[in-house]
Amino acid sequence: MITYREMTVADVPAVHAIEVEVFPSPWTMDSFYHEMTTNTQATYVVAVDGAEQIIGFCGMWIVLDESQITNVAVTASARGLGIGEGLMREAIRIARERAVVVMSLEVRVTNTVAQNLYRKLGFQDGGIRKGYYTDNQEDALVMWVNL
């Protein structure tokens, strides 16, 4: 059974390990510690399996009534099980609870799997950020949803 909860400082090493596994230009462990201890706008959700292992995470920054998804990742061994959707639904639930009215994110233009998930959750295409990703200068599709 998969459960979802807000991330704590103790979760940083496990979250960072997933970040390194999934992303070509991963955030540093210090970045995650900063998010948990200093960035008052940051909220992260983790997905935990039945063995109490963190298998995915979703981060967002909430500023006033807007939320920006910073990163969503699921470990390779747990992909295809709906965990990314569960993480996004939990992030949306928390955002609504905190009176957020619009949520946005960037996604690689080639990541159609993620784009399809976001569209399933009501996100719409908002524009293109040229050369957004530093590892290969790939463009990002900006997507948003009114909550």
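# Surface patch, cores and salt bridges of a predicted model

Trp-61, Val-63 and Leu-64 together make up a nonpolar surface patch with about 330 Å² of accessible area. This is a predicted model, in which local features need pLDDT of at least 70 and side-chain atom pairs count only at pLDDT 80 or more, while totals for chains, interfaces and linings use all residues. Residues are numbered from 1 along each chain as its sequence is written, and side-chain values use heavy atoms, with hydrogens and water left out.

Patches consist of residues with over 30% relative accessible area and no salt bridge, nonpolar side chains (Val, Leu, Ile, Met, Phe, Trp, Tyr) being joined within 5 Å and like charges within 9 Å. Accessible areas come from the Shrake-Rupley method with a 1.4 Å probe, and for residues only the protein chains shown count as cover. Buried denotes under 20% relative accessible area, exposed over 50%, and partly exposed the range in between (1.4 Å probe, protein chains only). Helices (H or I, at least four residues) and strands (E, at least two) are DSSP runs numbered from the N terminus.

Within the patch, Trp-61 belongs to strand β3 (residues 54–63). Trp-61 is partly exposed, at a relative accessible area of 34%. Trp-61 is also one of the residues in contact (heavy atoms within 4.5 Å) with Gln-41, which, leaving aside its neighbours within four places in sequence, touches Met-60, Trp-61, Ile-62 and Val-63. Gln-41 itself is placed in the loop between α2 (29–37) and β2, and is partly exposed with a relative accessible area of 35%. Gln-41 and Val-22 are separated by 19 residues in sequence and by 24 Å in space, C-alpha to C-alpha.

## Nonpolar cores

A nonpolar core is a set of buried Ala, Val, Leu, Ile, Met, Phe, Trp, Tyr and Cys residues joined through side-chain atoms within 4.5 Å. The largest holds 29 residues, of which Met-60, Ile-69, Met-88, Met-103, Leu-105, Tyr-118 and Phe-123 touch the most other members. At least two residues of this core are supplied by each of β2 (42–48), β3, β4 (66–74), α3 (83–97), β5 (102–108), α4 (112–120) and β7 (140–146). Helix α3 gives the largest share, 7 residues. For Ile-69, contacts beyond its neighbours within four places in sequence are with Cys-58, Gly-59, Met-60, Met-88, Ala-91, Met-103, Ser-104 and Leu-105. A second, separate core has 12 residues, among them Val-12, Phe-32, Val-48 and Phe-57.

Helix α4 has the buried residues Ala-114, Gln-115, Leu-117 and Tyr-118. These residues lie on the same side of α4, because they cover an arc of only 160° around the axis, the arc being that of the directions from the helix axis to the C-beta atoms. An α-helix has 3.6 residues a turn, so residues three or four places apart point the same way. The cover over the buried residues of α4 includes β4, α3, β5 and β7. On the face of α4 turned away from its buried side are the exposed residues Val-113 and Lys-120. Just after α4, Gly-122 adopts a positive phi of about 100°.

## Salt bridges

The structure contains 11 salt bridges, each defined as a side-chain nitrogen of Lys or Arg within 4 Å of a carboxyl oxygen of Asp or Glu. Three of these pairs are tabulated with their N to O distances.

| Acidic residue | Basic residue | Distance, N to O |
|---|---|---|
| Asp-11 | Arg-5 | 2.6 Å |
| Glu-106 | Arg-129 | 3.0 Å |
| Asp-125 | Arg-119 | 2.9 Å |

Asp-11 is found in the loop between β1 (3–6) and α1 (12–22). Asp-11 is buried, with a relative accessible area of 7%, whereas its partner Arg-5 is partly exposed at 33% relative accessibility. Apart from its neighbours within four places in sequence, Asp-11 is in contact with Arg-5, Glu-6, Val-46 and Ile-54.

The salt bridge between Glu-106 and Arg-129 joins strand β5 to strand β6 (residues 124–129), so the pair ties together parts that are 23 residues apart in sequence. Glu-106 is buried, at a relative accessible area of 18%, and Arg-129 is partly exposed at 38% relative accessibility.

In the remaining tabulated pair, Asp-125 is partly exposed at 44% relative accessibility, and Arg-119 is partly exposed with a relative accessible area of 35%. Salt bridges also link Glu-85, Arg-89 and Lys-120 in a network; Lys-120 is one of the exposed residues on the face of α4 turned away from its buried side.
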